[in-house]
Amino acid sequence: MGKAKKTRKFAQVKRMLSPKDARLKENQLKQKQKEEEEKEKAVRKVTQVASSLFLQHNTALVPPYRVLVDTNFINFSLQNKLELMSGMMDCLYAKCIPCITDCVLAELEKLGHRYRLALRVARDPRFERLPCSHSGTYADDCLVQRVTTSRCYIVATCDRDLRRRIRKVPGVPLMYIVRRRYAIERLPDQGAPS
């Protein structure tokens, strides 16, 4: 006898489990139980309101104001030919102490030769140096973290993303450049900038 010919079956698909299969329901129940346990373990964190905040008024902000300066604020000040110290004093009508973190200086050094003038301004002895203890040199995260821990600073930046992040922290005023002048935002005892 010869070999029997096998005909090839067309459009044949592999068998799949239906979504209503009992074996799948056991897995789904186990997954739901795990999710419920994780929810129970997760503790809701309620942020502690700073003791210096009285409603929207920050009592820690008193002259002389300490202004945290960002990298792009120095660059835009130089482009607009603004002198930092006198411009801040004209804006706030009080003595100002510009503060520069190690991250901002490291960022300016990384920018290279084109920003050497900004680096020279940042190394001015009138500026207060703030040492950073964290790893990395990303200045935006450093400034936000520093402002959330102690709300005794005004943040000077022209970066829109950083300003958006800092607006979420209550009681922290922002300084930025508008029409070749410094303007302040969210300082309670200050009127609208003129």
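**View 1. Contact between helix 6 and helix 7.** In helix 6, Asp140, Asp141, Leu143 and Val144 meet Leu162, Arg165 and Ile166 of helix 7. The residues of this contact of helix 6 with helix 7 divide into four nonpolar, no polar and three charged; Ala, Val, Leu, Ile, Met, Phe, Trp, Tyr, Cys and Pro count as nonpolar, Asp, Glu, Lys and Arg as charged, and the others, Gly among them, as polar. This is a predicted model, with residues numbered from 1 along each chain as its sequence is written, and its local features need pLDDT of at least 70, while side-chain atom pairs count only at pLDDT 80 or more. Totals for chains, interfaces and linings use all residues, and side-chain values use heavy atoms, with hydrogens and water left out. Contact means heavy atoms within 4.5 Å, and helices (H or I, at least four residues) and strands (E, at least two) are DSSP runs, numbered from the N terminus.

**View 2. Packing and surroundings of helix 6.** Helix 6 (residues 139-149) and helix 7 (residues 160-167) pack at an angle of about 20 degrees, with their axes 10 Å apart. That angle makes helix 6 roughly parallel to helix 7, a description used for angles under 35 degrees; axes are lines fitted to C-alpha atoms, for helices over the stretch in contact, and angles run from 0 to 180 degrees between N-to-C directions. The buried residues of helix 6, buried meaning under 20% relative accessible area with a 1.4 Å probe and protein chains only, are Ala139, Asp140, Cys142, Leu143, Val144, Arg146 and Val147. Among the elements that cover these buried residues of helix 6 are strand 3, strand 4, helix 4 and helix 7.

**View 3. The open sheet of six strands.** The strands of this open sheet follow the order 5-4-3-6-7-8, with mixed pairing. Strand 5 (128-130) and strand 8 (181-185) stand at the edges with a single partner strand each, so one side of each is left without a neighbour in the sheet. On average, and with direction ignored, neighbouring strands of this sheet are turned by 35 degrees against each other. Strand 3 and strand 4 pair in the parallel sense over four bridges, and strands count as paired if DSSP finds at least two bridges between them. Arginine 66 has isoleucine 97 of strand 4 as its bridge partner. Strand 4 and strand 5 also pair in the parallel sense, over three bridges, and isoleucine 100 has arginine 129 of strand 5 as its bridge partner. Because five of its six residues are buried, strand 4 is largely enclosed by the rest of the structure, and helix 4 (residues 102-111) lies across strand 3, strand 4 and strand 5, running at about 65 degrees to strand 4.

**View 4. Leucine 68 and alanine 156.** Leucine 68 lies in strand 3 and is buried, with a relative accessible area of 0%, while alanine 156, whose place is in strand 6, is likewise buried, with a relative accessible area of 0%. Although these two residues are 88 residues apart along the chain, their C-alpha atoms are separated by 5.9 Å. Not counting residues up to four places away in sequence, leucine 68 touches ten residues by name: Cys99, Thr101, Leu130, Leu143, Arg146, Val147, Tyr153, Ile154, Val155 and Ala156. With its neighbours within four places in sequence left aside, alanine 156 is in contact with Val67, Leu68, Val69, Asp70, Phe73 and Met175.

Terms used
Parallel < 35°, antiparallel > 145°, perpendicular 65-115°, else oblique. Buried < 20%, exposed > 50% of the residue type's maximum accessible area, 1.4 Å probe, protein only.
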